[in-house]
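This report describes how the strands and helices of one model are arranged. The sequence and structure come first, and the text follows.

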Amino acid sequence: MIAVCGANEATEEERTLAEAVGRAIATAGCALVCGGRGGVMAAACMGAKAAGGTTIGILPGNDRSDANEWVDFAIPTGLGQARNALVVASGDAVIAIGGGFGTLSEIGLALKIGKLVISAGSWELDAERLARFGGAGRYRQVATADEAVALALTCARPDLRPLQSPAGHG
């Protein structure tokens, strides 16, 4: 599964990018997990469904009907924004598209638990601070949906990882 994070109040550019990300995730044979609501989340789910994929929405409230229409499996949590931890923990990698403070919290939580986070027009983070707190190399900026998903697939699909020798030297 690949997690997609982004604002409910997304720009048209962010929604377009999210739809392409969702489509690429599904085409690669992965499920998409997100917060299940509107904006980036709805666009990513719509793209995944258009490509025949599976979508999972981890909702902040208690009502499954709050999920966008492209969510296959809605998981109501009643946790509010704390559900962000469940979204990022569920993904093998996290793709952040644009986003506000909720997305920033997902980025921080994902980095804290050791996930790869791919930023597509999301928050810019200080490289020195990332390195100081163990996040060096795990917060990557990309420009396109294809770049984002290709990078996420290195975590989500073991068959796509580069081969390494037993000593870990390529």
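In this predicted model, strand β2 (residues 32-34) pairs with strand β3 (residues 55-59) in the parallel sense, over three bridges. Leu32 stands opposite Thr55 of β3.

Both strands belong to an open sheet of seven strands, which runs in the order β4-β3-β2-β1-β5-β6-β7 with parallel pairing. The edges are taken by β4 (73-76) and β7 (139-141); each has a single partner strand, so one side of each has no neighbour in the sheet. On average, and with direction ignored, neighbouring strands are turned by 25 degrees against each other.

Two helices that lie on the sheet are listed here.

| Helix | Strands touched | Angle |
|---|---|---|
| α1 (residues 12-27) | β1 (2-6), β2, β5 (93-97), β6 (116-120) | about 155 degrees with β5 |
| α4 | β1, β5, β6, β7 | about 145 degrees to β1 |

Helix α4 (residues 101-112) also packs against helix α3 (residues 83-90), at an angle of about 50 degrees and with the axes 9 Å apart. The two helices are therefore oblique to each other. Their crossing is right-handed. Which residues make the contact between α3 and α4? From α3 come Asn84, Ala85, Val87 and Val88, and from α4 come Gly102, Ser105, Glu106, Leu109 and Ala110. By class, this contact has five nonpolar residues, three polar ones and one charged residue.

Terms used
Residues numbered from 1 in each chain as written. Predicted model: local features only at pLDDT ≥ 70, side-chain atom pairs only at ≥ 80, totals over all residues. Heavy atoms only, no water. Axes fitted to C-alpha atoms, helices over the stretch in contact; angles between N-to-C directions. Helix = DSSP H or I, 4+ residues; strand = E, 2+ residues; numbered from the N terminus. Parallel < 35°, antiparallel > 145°, perpendicular 65-115°, else oblique. Left-handed = near helix turned anticlockwise from the far one by under 90°. Contact = heavy atoms within 4.5 Å. Nonpolar A, V, L, I, M, F, W, Y, C, P; charged D, E, K, R; others polar. Pairing = 2+ DSSP bridges.
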